[in-house]
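Some comments on this entry follow, as numbered points. Please read them with the structure open.

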Amino acid sequence: MKNIVILVSGGGSNMAAIVRAAQRDNWRAAYGAQVVAVVSNRPDAGGLAFAREQGLAAEAVDHKQFPTREAFEDALGAVLDRHQPALVVLAGFMRILTPSFVARYQGRMLNIHPSLLPAFPGLHTHQRALEAGCRFAGATVHQVTAELDHGPILEQAVVPVLPGDTAETLAARVLTQEHLIYPRAIAALLPRL
Ligand code: GAR
C-alpha cells in the first residue's frame, strides 16, 4: 500500500479535499494508495480535528518546542517515517523546510501554492497579485525542491481577478480551484510512485 501523509498548519481545507477525493474515487482500489496520517506543526490546527473524525492518525509536532529548525525537522521526520510515506503532501504547511529535509523525500513531496508560479513565490500572494494589476491569478501544485516554491509544476488552475476583488475574495476563488487540482495532481502521480 502506498501511504500518503499530509502536512498542515491551519484549517486544512485542501487536506480535507484530498481525503474526500481518496474516499470518493477509491484510491485504495485504483492506485493501492491511502491517506494514513495528518501531521501539523501547530497543535491547535483545525485540520487535526477533521483528520481524527475521519479515523486518520492525527499528530502535532509543535515547532515552538524545538530550539532549532533542524531539531524540529528531526522530530517531524521521525513522525513521518513511522507512517512509511510513499508521498508527503504539504497542504497549507507554513514552515520553510531545509534542503536536507527536502532531500529525504525527493520526488515524493508535493506542495500547493496560491499563485501562478513562478509568479509570486512566498507569502501574501493574492495581495501582491492585486497590487501588480494581474488580470488572472491561480494556484500551482508542484514537486518540492530545495528552493522555496520552485520545483517542477504538476498542475495549475487559473481564475480571473474581478473588479472590486480584495485579497480575501480572490483567495476564496483560488481556494475553490485548489480543492480540485490538488487531488487531481496526486491521483495522476500515484501510479508512478
Ligand atoms: C491554501 O491557499 C494554500 O495554497 C496556502 O495556504 C492555504 C491553506 O489553506 N499555502 C501556502 O501559502 C503555502 N505557502 P487550507 O489549510 O484550508 O488548505
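1. Buried is used here for a relative accessible area under 20%, and partly exposed for values from there up to the 50% above which a residue counts as exposed. On that scale, Phe101 and Tyr105 are both buried. Their rings form a tilted aromatic pair, with 5.3 Å from centre to centre and 55 degrees between the planes.

2. The model is predicted. Its mean pLDDT is 97, and 100% of the protein's residues reach 70 or more. The ipTM is 0.98 and the pTM is 0.98. The general caution is that coordinates should not be read in detail where pLDDT is low.

3. How many aromatic pairs are there in the model? The count is three. One of them joins Phe66 and Phe72, a tilted pair at 6.2 Å centre to centre and 55 degrees between the planes. Phe66 is partly exposed because its relative accessible area is 27%, whereas Phe72 is buried, at 3%.

4. Helix α1 covers residues 13–24, which is 12 residues. From the first C-alpha to the last, α1 reaches 16 Å, close to the 16 Å expected at 1.5 Å a residue. The buried residues of α1 are Asn14, Met15, Ala16, Ala17, Ile18, Val19, Ala21 and Ala22. An α-helix has 3.6 residues a turn, so residues three or four places apart point the same way. After α1 comes Asn26, which has a positive phi, near 45 degrees.

5. Which residues surround the ligand? They are Gly11, Gly12, Ser13, Asn14, Gly92, Met94, Ile112, His113, Pro114, Leu175 and Glu178. Ser13 and Asn14 fall within the residue range of α1. A polar side-chain atom of Ser13 lies 2.5 Å from a ligand oxygen atom. For Gly12, a backbone N or O atom is 2.8 Å from an oxygen atom of the ligand. For Asn14, a backbone N or O atom is 2.9 Å from an oxygen atom of the ligand. Asn14 is also among the buried residues of α1.

6. Is Glu155 buried or exposed? Glu155 is buried because its relative accessible area is 17%, and buried means under 20%. Glu155 belongs to strand β7, which runs over residues 153–160. With neighbours within four places in sequence left aside, Glu155 is in contact with Ala139, Thr140, Val141, Ile181, Arg184 and Ala185.

Note on methods
Residues numbered from 1 in each chain as written. Predicted model: local features only at pLDDT ≥ 70, side-chain atom pairs only at ≥ 80, totals over all residues. Heavy atoms only, no water. Helix = DSSP H or I, 4+ residues; strand = E, 2+ residues; numbered from the N terminus. Expected span 1.5 Å × (residues − 1). Buried < 20%, exposed > 50% of the residue type's maximum accessible area, 1.4 Å probe, protein only. Contact = heavy atoms within 4.5 Å. Phe/Tyr/Trp six-rings, centres within 6.5 Å; stacked < 30°, edge-to-face > 60°. pLDDT = per-residue confidence, 0-100. Near = heavy atom within 4 Å. Polar contact = N/O pair within 3.5 Å; in protein donor to acceptor, adjacent residues only side chain to side chain.
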